[in-house]
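Q: Could you walk me through this model, starting with the ligand and then moving on to the fold?

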Amino acid sequence: MSDTIFSKIIRREIPADIVYESDEVLAFRDLNPQAPVHVLFIPKRELATLNDAGQTDALLLGQLLLAAADYARREGFAEQGYRTVVNCNEDGGQTVFYLHVHLLAGRRMHWPPG
Ligand code: 5GP
């Protein structure tokens with residue numbers, strides 16, 4: 001059984017502010033938000049990093065992004081804009097080794113990111 005924070009959130013062993021759920025995807029607010037809106041989208045089927053995804057995960061990866069875009073539309077900031085981010089491993093700044101898509105919105109984003 002996986003022991004990452006996010007697998008515990010999926011198993012409801014630790015609390016999270018869940019904003020969206022489907023058979024494949026769970027989304028909840030980031031504990032340490034970096035923007036007025038900061039939501040994490042994770043697959044219910046665990047993958048540690050983007051490097052662990054293969055062709056059989058193509059649909060799942062699409063579902064994560066589409067869930068984020070749907071959330072942005074539903075919450076009314078899709079037209080204003082938002083950013084989605086997947087950090088991978090050390091240089092990417094990944095700290096939780098359970099694949100997740102960050103959705104950030106509610107302020108102007110900078111480029112390049114730090
Ligand atoms: P990463 O750096 O791996 O791309 O992103 C991990 C994110 O998970 C961080 O933005 C961090 O604030 C968030 N996070 C870490 N622990 C928890 C937690 O227990 N609950 C929630 N909701 N978010 C968390």
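A: A word on terms to begin with: a residue counts as near a molecule if one of its heavy atoms lies within 4 Å of it. This is a predicted model, in which local features need pLDDT of at least 70 and side-chain atom pairs count only at pLDDT 80 or more, while totals for chains, interfaces and linings use all residues. Residues are numbered from 1 along each chain as its sequence is written, and side-chain values use heavy atoms, with hydrogens and water left out.

Q: Okay, how many residues surround the ligand, and which are the closest?

A: The ligand is surrounded by 16 residues, and the closest are Asp30, Asn87, Thr95, His100 and His102.

Q: And what does that shell look like by class?

A: It has seven nonpolar, seven polar and two charged residues, where Ala, Val, Leu, Ile, Met, Phe, Trp, Tyr, Cys and Pro count as nonpolar, Asp, Glu, Lys and Arg as charged, and the others, Gly among them, as polar.

Q: Which polar atom lies 2.8 Å from an oxygen atom of the ligand?

A: That is an N or O atom in the side chain of asparagine 87. An oxygen atom of the ligand is also 2.9 Å from an N or O atom in the side chain of histidine 100, and at valine 96 a polar backbone atom is 2.9 Å from a ligand oxygen; a polar contact here is a pair of N or O atoms within 3.5 Å.

Q: How much of the ligand does the protein cover?

A: The protein covers 84% of the 520 Å² of accessible area that the ligand has on its own, with areas from the Shrake-Rupley method and a 1.4 Å probe.

Q: Which elements give two or more residues to the shell?

A: Those are helix H1 (5–10) and strand E2 (25–29), and H1 gives the most, with three residues. Helices (H or I, at least four residues) and strands (E, at least two) are DSSP runs, numbered from the N terminus.

Q: Switching to the fold, in what order do the elements run?

A: From the N terminus on, they run α-β-β-β-α-β-α-β, with three helices and five strands in the protein chain.

Q: Anything about the backbone?

A: The peptide bond from tryptophan 111 to proline 112 is cis, with omega near 0°, and proline 112 lies in the segment after strand E5 (101–105). Arginine 12, in the loop between H1 and strand E1 (18–21), has phi near 60°, a positive value in a residue other than glycine.

Terms used
A polar contact is a pair of N or O atoms within 3.5 Å; within protein, one must be able to donate a hydrogen and the other to accept it, and residues adjacent in sequence count only if both atoms are side-chain atoms.
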